[in-house]
Amino acid sequence: MRNARRASYQQMVEVNPTAWLLDCGCREGVNTAELAQIVRAQKVIGLDYNSKALMQASARKIIPLQADLNHHIPLAESSVDVIVATDVLEHLIDPYTFVGEMYRVLRPGGYIVLDTPNLASWHNIFALLIGVQPFSGPNITTMEDADVSIVRQMHRATHGLDEEGEYNDHPEKELTRHIVVIAYASLLRLLKRHGLIIEQVRGFGYYPLPPPIAKLFQRLDPRHTHHIVIKARKPRRQEVVL
């Protein structure tokens, strides 16, 4: 599913040799560099709070920008054309401020590509029905400390951890805690409240269905998929309402 999501936002970006691209939560810049090549961006900025990761990103000709996305993005208003934020929103304390900041730094006509888990997925609804935390979060500790053992083992295997153990044995445990997970309709409303125009919405993962059947259902019913990938654009000019 991760590869399918990556392919989807690579398809959503547009070729623009004059574009300034901002990747929020860029980490070491692997995904940033791939997207920049597709866009053919003139300037590529990678924003992350981890200085060591940014050093690796800078080796990929990415301009490093250290900041905490829970607060102000340290860029001027209307300064970038493309913003990518994949697997970021769910780690923030204040997603409302983050979306507002993305809107502020976007140039008119610029767009956002956002990828985040969906609180309204069927497997999260099922988790609540049986009285445990939603599998996508919010998490009390980390993703590896899930209430259901099979989910806990799956997440721990993803990060190369032992099947069981204390949750604090992850080298960067703060990166695996989902703090605010937003439901499909609420996420679209959040973007629209800030003035963004929704252009594309795709859903990925439809647990517990097997992949061939899941692909059909995620097209028919993106509201209940595991992840949501959205493309949203800032209007080219502000309409005056009389």
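Reader: What does Arg 60 count as at 38% relative accessibility?
Author: This is a predicted model: local features need pLDDT of at least 70, side-chain atom pairs need 80 or more, and totals for chains, interfaces and linings use all residues. Residues are numbered from 1 along each chain as its sequence is written, and side-chain values use heavy atoms, leaving out hydrogens and water. Buried is under 20% relative accessible area, exposed is over 50%, and partly exposed is in between (1.4 Å probe, protein chains only). Arg 60 has 38% relative accessibility, so it counts as partly exposed.

Reader: How far apart are the C-alpha atoms of Arg 60 and Ala 33?
Author: Start with the place of Arg 60: the loop between helix H3 and strand E3 (DSSP runs numbered from the N terminus; helices are H or I with at least four residues, strands are E with at least two). Along the chain, Arg 60 and Ala 33 are 27 residues apart. In space, their C-alpha atoms are separated by 6.8 Å.

Reader: Which residues does Arg 60 touch, not counting those up to four places away in sequence?
Author: Contact needs heavy atoms within 4.5 Å. With sequence neighbours up to four places away set aside, Arg 60 touches Glu 28, Gly 29, Val 30 and Ala 33.

Reader: How many bridges join E2 to E3?
Author: Two strands pair if DSSP finds at least two bridges between them. E2 covers residues 43-48, and E3 covers residues 63-66. The two run parallel, and Gly 46 stands opposite Pro 64 in E3. The number of bridges joining E2 to E3 is four.

Reader: Which residue stands opposite Gly 46 in E2?
Author: E2 also pairs with strand E1, residues 20-24, in the parallel sense over five bridges. E2 is mostly covered, with five of its six residues buried. The residue opposite Gly 46 in E2 is Asp 23.

Reader: Why is Cys 24 in no bond with the closest cysteine sulfur?
Author: A disulfide needs two cysteine sulfur atoms within 2.5 Å, and this structure holds zero disulfides. Both cysteines of this pair are out of the open: Cys 24 counts as buried at 0% relative accessibility, and Cys 26 counts as buried at 6%. The closest cysteine sulfur to that of Cys 24 is in Cys 26, and it is too far for a bond because the distance is 8.9 Å.

Reader: How many of the residues of helix H4 are buried?
Author: H4 spans residues 95-105. Its buried residues include Phe 98, Met 102 and Tyr 103. Among the elements that cover them are E1, strand E4 (80-86), strand E5 (106-117) and helix H7 (184-193). Of the 11 residues in H4, the buried count is nine.

Reader: Which residues of strand E7 lie on the side opposite His 227, Val 229, Lys 231 and Arg 233?
Author: E7 runs from residue 227 to 233, and seven of its seven residues are buried. Both of its faces are covered. His 227, Val 229, Lys 231 and Arg 233 take one side, and the other holds Ile 228, Ile 230 and Ala 232.

Reader: In which sense do E6 and E7 pair, parallel or antiparallel?
Author: E7 is joined to E5 by seven bridges, in an antiparallel run, with Leu 114 opposite Ile 230 in E7. E6 and E7 pair over seven bridges, with Gly 203 opposite Ile 228 in E7. The sense of the E6 and E7 pairing is antiparallel.
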